Amino acid sequence: QVQLAESGGGLVQAGGSLRLSCAASGRTFGNVMGWFRQTPGKEREFVAAVTWNGLTTVYADSMKGRFTISRGNAKNTVYLQMNSLKPEDTAVYYCAADTTITRAPLWHYWGQGTQVTVSS
């Protein structure tokens, strides 16, 4: 079992930045970790993912260049640095973990989510 806990969401003005954190506990060795986001009435959307060693990252095209995913030295924490935020980035952001990266919201483990609101 893997438990995930997100933090760092909040309210920010357009053009601003936020950094989300996700702390994993339990059987975390070897897991890839990622971020998804969801707005009401829409499917959960892939944002970014990173491999266990932090060397390989994958991004959704719309976030590439604005968002950066990284892994902490202890490997059980993942960060999402979000810059140049837009109102359309407003969503609940979810941390996820699994053994392989997929852009589909089919990952095995999920956090509870953290709200990010970008005001115009």
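## Contacts and overall form

Among contacts in the chain between residues at least 6 apart in sequence, 55% join residues at least 24 apart. The model discussed here is a predicted one, and its chain has zero helices and 11 strands, so that its pattern, read along the sequence, is β-β-β-β-β-β-β-β-β-β-β.

The C-alpha trace of the chain spans about 40 × 30 × 25 Å along its principal axes. A compact globule with 120 residues would have a radius of gyration near 14 Å, and the 13 Å of the chain agrees with that expectation. Of the 120 residues, 42% count as buried, while the accessible surface of the chain comes to about 6100 Å², with 48% of it belonging to carbon and sulfur atoms.

## The nonpolar core

In soluble globular proteins, nonpolar side chains tend to be buried together. The largest nonpolar core in this chain has 34 residues, of which Leu 4, Trp 35, Leu 80, Met 82 and Tyr 93 touch the most other members. At least two residues of this core are supplied by each of the strands E1 (2–7), E3 (18–26), E4 (32–38), E5 (45–50), E7 (67–71), E8 (77–82), E9 (91–98) and E11 (114–119).

The surroundings of Met 82 can be listed in full: when residues up to four places away in sequence are not counted, Met 82 touches Gly 16, Ser 17, Leu 18, Leu 20, Arg 66, Phe 67, Tyr 93 and Val 116. Of these contacts, Tyr 93 is itself named with Met 82 among the core residues that touch the most other members.

## The four-stranded sheet

Strands of a sheet pair through backbone hydrogen bonds, either parallel or antiparallel. Here four strands form an open sheet in the order E1-E3-E8-E7, and their pairing is antiparallel. Because E1 and E7 stand at the edges with a single partner strand each, one side of each is left without a neighbour in the sheet. From one strand to the next, the twist averages 15 degrees.

At the E1 edge, the antiparallel pairing of E1 and E3 extends over six bridges, and Ser 7 stands opposite Ser 21 in E3.

## E4 and its partners

Six of the seven residues of E4 are buried, and this strand is therefore largely enclosed by the rest of the structure. E4 pairs with E9 in the antiparallel sense over seven bridges, with Trp 35 standing opposite Cys 95 in E9; Trp 35 is also one of the core residues that touch the most other members.

E4 also runs antiparallel to E5, to which five bridges join it, and the bridge partner of Gly 34 in E5 is Ala 49. The hairpin of E4 and E5 has six residues between the strands, and in this hairpin Gly 41 takes a positive phi near 85 degrees.

## E11 and its partners

In a regular strand the side chains alternate between the two faces of the sheet. Along E11 such alternation is seen together with a division in burial: Thr 114, Val 116 and Val 118 point to one face and are buried, whereas Gln 115, Thr 117 and Ser 119 point to the other and are not.

E11 pairs in the parallel sense with strand E2 (residues 10–13) over four bridges, and in this pairing Gly 10 stands opposite Val 116. E9 and E11, by contrast, run antiparallel and are joined by three bridges, with Val 116 in E11 as the bridge partner of Ala 91. Val 116 is thus placed opposite Gly 10 and paired with Ala 91, and it is also among the residues that Met 82 touches.

## Two loop residues

Gln 112 lies in the loop between strand E10 (109–110) and E11, and because its relative accessible area is 69%, Gln 112 is exposed. Gln 112 nevertheless is in contact with Leu 4, Glu 6 and Tyr 94, leaving aside its neighbours within four places in sequence. Gln 112 and Gln 3 are 109 residues apart in sequence, yet their C-alpha atoms are 9.8 Å apart in space.

Ser 84 has its place in the loop between E8 and E9. The phi of Ser 84 is near 50 degrees, which is a positive value in a residue other than glycine. With a relative accessibility of 42%, Ser 84 counts as partly exposed.

Note on methods: Residues numbered from 1 in each chain as written. Predicted model: local features only at pLDDT ≥ 70, side-chain atom pairs only at ≥ 80, totals over all residues. Heavy atoms only, no water. Core = buried A, V, L, I, M, F, W, Y, C linked by side-chain atoms within 4.5 Å. Buried < 20%, exposed > 50% of the residue type's maximum accessible area, 1.4 Å probe, protein only. Contact = heavy atoms within 4.5 Å. Pairing = 2+ DSSP bridges. Axes fitted to C-alpha atoms, helices over the stretch in contact; angles between N-to-C directions. Rg over C-alpha atoms; globule rule 2.2 N^0.38 Å. Areas by Shrake-Rupley, 256 points an atom, 1.4 Å probe, with all protein chains shown as cover.
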